[in-house]
Amino acid sequence: MTDLKRRRLLAGLTASLIAPAFLNSAHAQSMYSYFYQNTKQDDDNPLPPDGTFVHPALASESQEDVAVRLACYFDVSGSIDSAEYDFQLEAMARAIESDEFKFATLGYGGPGSIAICIADFGTDSILRVPWLDIRDRVNDDYKFHALAQEIRQLDRRSRGQTSHTSAFKHAMAMFDNCPWQADKTIVDMITDGKHNSGSRLSEVRDKLIEDYDATINALVTITKNENDVDQWARENLITPPGHYTDDGMPLRPGFVKVVANQNNSSEGLLEYRKAMRFAFKRKLIL
């Protein structure tokens with residue numbers, strides 16, 4: 001039995017034992033946030049400390065491909081204050097459990113199935129919610145809310161520098177160890193700053209794009225210290241036009257969405273919720 005099959009068997013057995021208790025507790029802490037939130041990882045070692053990539057309660061035993069693999073990365077660098085950190089999580093959670101996101105995923109014209117993992121990045125990157133798959137409107141509907149609740153309960157574990165390469169290397173490790181293949185691979189990054197730590201950004205970004213056919217999107221906050229981060233992200237962070245998959249099909253370029261502008265008013269953070277929900281819907285519908 002391969003290591004991957006062992007992990008999937010363990011995930012299935014664990015889910016059958018703990019899923020009822022997990023889902024019935026509104027205040028249950030993410031099992032994986034406990035393991036990962038205080039575990040140091042560096043730019044050259046992005047793997048989870050125990051080698052586990054699959055969610056024990058929310059991942060299915062299916063071996064069928066999914067239509068989309070989505071890895072979400074949120075910023076925990078020192079420029080993110082406590083309010084902004086909490087709002088990132090709440091925005092992601094509200095987007096994922098919204099009816100619009102459910103319909104965009106499983107409704108008419110949507111991809112029909114999706115695999116999701118959640119990680120943070122600062123000086124390094126840490127997996128916070130491992131891979132889970134959502135495939136069926138009836139049987140998997142509970143997963144949207146369960147995932148949203150896990151996201152809301154993620155304690156902050158770092159206030160380091162801003163290493164987007166750390167997130168990109170981590171994403172490659174996650175895709176290497178995802179139990180499902182997909183037609184489309186997407187990396188979403190929420191950030192308010194420019195790359196200032198770790199490996200050379202363009203080389204790592206291009207490897208993620210070329211080797212994994214990844215579309216990288218950026219949801220950015222403009223601050224007084226980084227008032228041109230949206231332009232910087234368009235030039236350095238996202239998947240640019242002109243890339244092709246191995247079978248010769250054009251790879252969809254990424255996009256930058258300004259989700260808040262703190263230079264304008266204190267109300268900028270209030271735009272996170274609306275913008276995040278729009279961004280999730282937009283990319284899945286496309």
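Let's start inside the sheet: Thr 185 has Ala 214 as its bridge partner, and Ala 214 belongs to β5. That pair takes us to two strands, β4 and β5, which run parallel and are joined by seven bridges. Please keep in mind throughout that this is a predicted model.

**The sheet**

Stepping back, the open sheet is built from six strands, ordered β3-β2-β1-β4-β5-β6, and its pairing is mixed. Since β3 and β6 (256–261) each have a single partner strand, they stand at the edges, so one side of each is left without a neighbour in the sheet. From one strand to the next, the twist averages 15°. As a general reminder, strands of a sheet pair through backbone hydrogen bonds, either parallel or antiparallel.

**The cores**

The largest nonpolar core holds 39 residues, and those with the most contacts inside it include Tyr 73, Trp 131, Phe 168 and Phe 175. Also on that list are Val 187, Leu 208 and Leu 237. Each element in the table supplies at least two residues of this core.

| Element | Residues |
|---|---|
| β1 | 66–75 |
| β2 | 114–121 |
| β3 | 125–134 |
| α6 | 164–176 |
| β4 | 182–191 |
| α7 | 201–212 |
| β5 | 214–222 |
| α8 | 229–236 |

Which of them gives the most to this core? That is α6, with six residues.

Val 187 is a nice place to look around. Leaving aside residues up to four places away in sequence, Val 187 touches Ala 71, Tyr 73, Ala 171 and Phe 175, as well as Leu 208, Thr 215, Ile 216 and Asn 217. Apart from the largest core lies another one, of 32 residues, with Leu 89, Ala 146, Leu 147 and Leu 154 among them.

**Helix α8 and Asp 230**

Helix α8 lies across β5 and β6, and runs at about 170° to β5. Asp 230 has its place in this helix. Is Asp 230 buried or exposed? Asp 230 is buried, as its relative accessible area is 15%, and the cut-off for buried is under 20%. Not counting residues up to four places away in sequence, Asp 230 touches Val 220, Ile 222, Val 256 and Val 258.

**Confidence**

The protein has a mean pLDDT of 78, and 73% of its residues reach 70 or more. Over residues 1–41, the pLDDT is below 50, and this stretch has 72 contacts in the model beyond near neighbours in sequence. Where pLDDT is low, the predicted coordinates should not be read in detail.

Methods
Residues are numbered from 1 along each chain as its sequence is written. This is a predicted model: local features need pLDDT of at least 70, side-chain atom pairs count only at pLDDT 80 or more; totals for chains, interfaces and linings use all residues. Side-chain values use heavy atoms; hydrogens and water are left out. A nonpolar core is a set of buried Ala, Val, Leu, Ile, Met, Phe, Trp, Tyr and Cys residues joined through side-chain atoms within 4.5 Å. Buried means under 20% relative accessible area, exposed over 50%, partly exposed in between (1.4 Å probe, protein chains only). Helices (H or I, at least four residues) and strands (E, at least two) are DSSP runs, numbered from the N terminus. Contact means heavy atoms within 4.5 Å. Two strands pair if DSSP finds at least two bridges between them. Axes are lines fitted to C-alpha atoms, for helices over the stretch in contact, and angles run from 0 to 180 degrees between N-to-C directions. pLDDT is the predictor's confidence in each residue, from 0 to 100.
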